[in-house]
Structures are given as C-alpha cells and as structure tokens.
Amino acid sequence: MNHWILIVTAAGANVALNLFLKKGGQGLDTTNIGTLILSILGSAWMWMAVISAAALLTAFVAAIRTYSLSLTYTAVTALAMVTLTIVDAMIQHETIGIGRSVGLGLIVSGLLVTAFATTSA
C-alpha cells in the first residue's frame, strides 16, 4: 500500500481521535475518580476515540514499516494539525487569523520540503 495513503489515514484518525476526546471530555462526571471512570466507560464518544486511536496506531505502524520514521511522524503530525485547525474552525466557528494562517502555511511548506528532500536523497 502507498505510504501516503497510510499517512493520510493516520492523520485522519488522529483528527477524529482529538475531536472525539474533546466531545467526550465535555460530558464526563469529574466528581470523583469512580464516577469519572464510569462516565468514561459509558461514553460513546470515548469509545469512538478508542477506535480512532486503534486506527491511528495501525496506519502509523504500517507506514513506518515501509517508510522513514522521520518523514512519517512529521507528515502525520503536520497534516493532523492543519486539518484539525480547519475542522475545528468549521465546527466551533473559530476565526483563523493571519498569524495562524501563516503558521499553518509554514507547517505545510515544511512538510513539502521534508517530503521532497527525503524522496530525492
């Protein structure tokens, strides 16, 4: 399987994991440790986070078996950061200012430089 498909799958699972954890965390009962554990176990959002974590781990391990760890980790992290920022802005109606836009552009630029430098070496 193409390593970029695995990287995009891992990044997508990473985004889903973080969104599910945020949504699930908002509904947890933190009165004490016992109720917290029970509310985690009873939360569908937390179980979807577990499934997303398993998908992330599976795709990431498959990707690093066939491609360099440095590029795979960088690509998964960069794609997840950019995608999560965009998705969160769409869901939470958060404004992405010029500073954040420039930062995201630098992340994408860094990923492209890293990817092309690795493949041409």
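**Confidence.** I looked up pLDDT (the predictor's confidence in each residue, from 0 to 100) before anything else. The chain averages 90, and 96% of the residues score at least 70. Split by element, the lowest mean pLDDT is that of α5, at 83, and the highest is that of helix α3 (residues 44-66), at 96. I note that the model is predicted, that local features need pLDDT of at least 70 and side-chain atom pairs pLDDT 80 or more, and that totals for chains, interfaces and linings use all residues. Residues are numbered from 1 along each chain as its sequence is written, and side-chain values use heavy atoms, with hydrogens and water left out.

**Layout.** I listed the secondary structure as DSSP runs numbered from the N terminus (helices: H or I, at least four residues; strands: E, at least two). The chain has five helices and zero strands, which read along the sequence as α-α-α-α-α. I then took the extent of the C-alpha trace, which spans about 55 × 40 × 20 Å along its principal axes.

**Contacts and area.** I counted contacts (heavy atoms within 4.5 Å) by sequence separation. Among contacts with a separation of 6 or more, 67% join residues 24 or more positions apart. For accessible area I used the Shrake-Rupley method with a 1.4 Å probe, where for residues only the protein chains shown count as cover. The chain exposes about 7,500 Å², and carbon and sulfur atoms supply 72% of that. I sorted residues by relative accessible area (buried under 20%, exposed over 50%, partly exposed in between; 1.4 Å probe, protein chains only). Of the 121 residues, 29% count as buried.

**Core.** I searched for nonpolar cores, meaning sets of buried Ala, Val, Leu, Ile, Met, Phe, Trp, Tyr and Cys residues joined through side-chain atoms within 4.5 Å. The largest has 18 residues, and those touching the most other members are Ile-7, Ala-10, Leu-56, Leu-71, Val-76 and Leu-111. Two or more residues come from each of α1 (3-26), α3, α4 (69-92) and α5. The largest contribution, six residues, is from α1.

I followed Ala-10 outward. Leaving out residues up to four places away in sequence, Ala-10 touches Leu-56, Ala-59, Phe-60 and Val-76.

I checked Asn-14 next, which sits in helix α1. Asn-14 counts as buried because its relative accessibility is 18%. With neighbours within four places in sequence set aside, Asn-14 is in contact with Leu-56, Val-76 and Ala-80. Leu-56 and Val-76 are thus on the contact lists of Ala-10 and Asn-14.

Ala-115 was my entry for helix α5 (residues 98-120). Its relative accessibility is 10%, so Ala-115 counts as buried. Beyond residues up to four places away in sequence, Ala-115 touches Trp-4 and Leu-71. I took the C-alpha to C-alpha distance from Ala-115 to Leu-71: 6.6 Å, for a sequence separation of 44 residues.

**Surface patch.** I searched for patches, made of residues with over 30% relative accessible area and no salt bridge; like charges are joined within 9 Å, and nonpolar side chains (Val, Leu, Ile, Met, Phe, Trp, Tyr) within 5 Å. One nonpolar patch of about 640 Å² is made by Ile-33, Ile-37, Leu-38, Leu-41, Trp-47 and Val-50. Elements giving two or more residues to this patch are α2 (33-41) and α3. The largest share, four residues, is from α2. Val-50 lies in helix α3 and counts as partly exposed because its relative accessibility is 47%.

I also looked at Ile-51 in helix α3. At 60% relative accessibility, Ile-51 therefore counts as exposed. The C-alpha atoms of Ile-51 and Leu-17 are 8.2 Å apart, with their positions 34 residues apart along the chain.

**Salt bridge.** My criterion was a side-chain nitrogen of Lys or Arg within 4 Å of a carboxyl oxygen of Asp or Glu. The search of the whole structure finds one. Arg-100 pairs with Glu-94, with the closest N and O atoms 2.2 Å apart. Both count as partly exposed, since Arg-100 has a relative accessibility of 41% and Glu-94 one of 33%.

**Backbone.** I looked for unusual phi values. Most residues other than glycine have a negative phi. His-93 is not a glycine, yet has a positive phi of about 55°. His-93 is in the loop between α4 and α5 and counts as exposed because its relative accessibility is 67%.
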